[in-house]
Each structure stands twice: as structure tokens, then as C-alpha cells.
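Open the model in your viewer and keep the selection box ready. The tour goes from one helix to a ligand and then to a core.

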Amino acid sequence: MNEFESVSIWHKETVLEALSAKLIKRGFNSVILNTADTIKDFISKTIPVDATIGLGGSVTLRETGIDVFLKSRGNTVFDHWDSSKSSGENIDARRKQLTSDYFLTSINAITLDGELVNIDGAGNRVAAMIFGPKHVIAIVGYNKITRSIDEAIWRTKNIASAKNCKRLGLSTPCAKTGFCMDCKLPVSVCRITTIIDYKPMHTEFTIILTPLDLGY
Ligand code: SF4
């Protein structure tokens with residue numbers, strides 16, 4: 001590691017430690033993990049093999065291979081991104097996520113003060129983060145950090161939603177220009193905006209922070 005890299009690492013560590021302290025004050029469990037392998041190891045040790053698991057619509061979960069890992073070790077996993085499912089099975093998986101033992105997800109944007117900002121189309125992901133599952137675990141890449149709620153909403157629409165619309169081949173303005181045009185089209189994925197500013201009352205909530213850039 002050269003002198004330039006070591007300063008960059010120091011800066012990320014310092015930012016993440018401050019954010020982690022803010023999250024703990026807001027009632028969340030918080031852990032900082034530096035690699036995809038340590039994240040997977042933490043998930044493996046935290047979630048029992050007989051627990052049911054809901055997977056939120058999250059590129060982070062798929063990028064880190066956590067979806068494949070949990071299915072392969074025998075957990076019952078409710079995954080609506082499984083393309084073999086019919087549309088009825090897809091909706092059924094979303095409903096089952098709401099009462100799973102563990103719900104895994106990422107967060108669209110997190111402020112430096114520890115507020116969690118998400119924008120959803122169907123709402124199963126944001127609903128499951130608030131009430132239903134016994135324990136929510138969110139993996140949050142460094143790229144999700146913003147300075148304010150306004151910036152978090154901007155990030156979610158202009159980066160996360162725009163990339164997701166492109167990924168899904170949707171005919172939205174953002175999928176063409178890369179920027180949100182505040183559409184109200186039938187295919188819009190931006191219908192529900194949530195801000196969680198204190199751990200929901202009846203839900204264990206663990207946030208894994210990482211210096212890695214993960215997901216959209
Ligand atoms: S509101 Fe419409 S244009 Fe804006 S990010 Fe969402 S889907 Fe794209």
C-alpha cells in the first residue's frame with residue numbers, strides 16, 4: 001500500500017466510524033466490515049440455517065453472492081428476483097418476505113447523520129424494513145452515503161432508480177438520459193419514499209457498513 005492509499009483508507013474508516021456511532025444512537029446495531037467475505041461470514045454466523053429469509057430487491061445482495069450462499073446452505077429464501085417464478089409466485093414471495101425471520105436488503109441512501117432513505121415501486125422492500133420481519137440486516141456500501149436527506153433523495157432517483165430502470169429495460173426518462181425527470185408514468189419505480197430516522201420499535205435492525213462500493 002502506498003502513502004496515498006493509506007490516507008484514503010484512513011478517511012473512509014474515520015467517516016464510517018462516525019456514521020456507525022450515529023446509527024447506534026438511533027437504536028440500530030452497527031458493524032463495519034471491510035470485504036465481501038467478512039460480510040458473508042457475519043451473515044452466516046448471525047442467521048441460523050433453519051431461519052426463513054426475505055431478500056429485498058437489492059443489487060448489493062446479488063453482487064456479494066449472499067443470495068446464492070443462503071440458498072445453497074439450505075435456508076428457506078423468499079426471493080422475488082428468481083426469474084423462474086410466475087407472476088403469482090413473485091407476489092407470493094414478496095408477501096412472505098414481510099413475515100420472514102430475517103429480511104436482508106441494502107439502503108438506497110444513508111445520510112452522514114444516520115437517516116435511512118429509500119424509494120420503492122411495489123413497496124415490499126420498504127414495508128419489510130419497517131415492520132414484519134423479526135430482524136432486518138442492511139448492507140450499505142460507501143457509495144450510498146450522502147450529506148443530507150435532500151441529497152439522499154436526489155441520489156436515489158438519479159443513480160439508484162435510473163440504473164434500475166436501465167437494468168430492467170423500462171421506458172422511463174431516466175433510463176434514457178440518466179437523470180430523473182420526475183415522471184408519473186405507469187412504469188415508474190418511484191412511488192413510495194421512506195425515511196427511517198430511528199430503529200423501528202419492534203424490529204431488530206443491523207446495519208453493515210463497508211468501505212466497498214456496492215450496488216446502485
Ligand atoms: S421518477 Fe421516473 S424518471 Fe424519475 S427516477 Fe423514478 S422512474 Fe426515473
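Select helix 7, residues 149-168, and colour its buried residues: Ala152, Ile153, Arg155, Thr156, Lys157, Ala160, Ser161, Ala162, Asn164 and Cys165. Buried means that 20 or more other C-beta atoms, placed from the backbone, lie within 10 Å of the residue's own. Helices are DSSP runs of H or I with at least four residues, strands are runs of E with at least two, and both are numbered from the N terminus. This is a predicted model, in which local features need pLDDT of at least 70 and side-chain atom pairs count only at pLDDT 80 or more, while totals for chains, interfaces and linings use all residues. Residues are numbered from 1 along each chain as its sequence is written.

Now show strand 5 (109-111), strand 6 (116-120), strand 8 (145-146), helix 8 (173-177) and strand 9 (192-196); the buried residues of helix 7 pack against them. Contact here means C-beta atoms, placed from the backbone, within 7 Å.

Go on to glycine 169, just after helix 7, which takes a positive phi of about 70°.

Next, select the ligand. Which residues come nearest? Of the 14 around the ligand, they are Ser161, Cys174, Cys180, Cys183 and Cys190; to be near, a residue needs its C-beta atom, placed from the backbone, within 6 Å. Helix 7 gives the largest share of this shell, four residues, and helix 8 supplies at least two.

Last, select isoleucine 53. Leaving out residues up to four places away in sequence, isoleucine 53 touches Ile47, Leu70, Asn75, Thr76, Val77, Phe78, Ser100, Asp101, Tyr102 and Leu104.

Definitions and conventions: Expected span 1.5 Å × (residues − 1). Buried ≥ 20, exposed ≤ 12 C-beta atoms within 10 Å, placed from the backbone. Contact = placed C-beta atoms within 7 Å.
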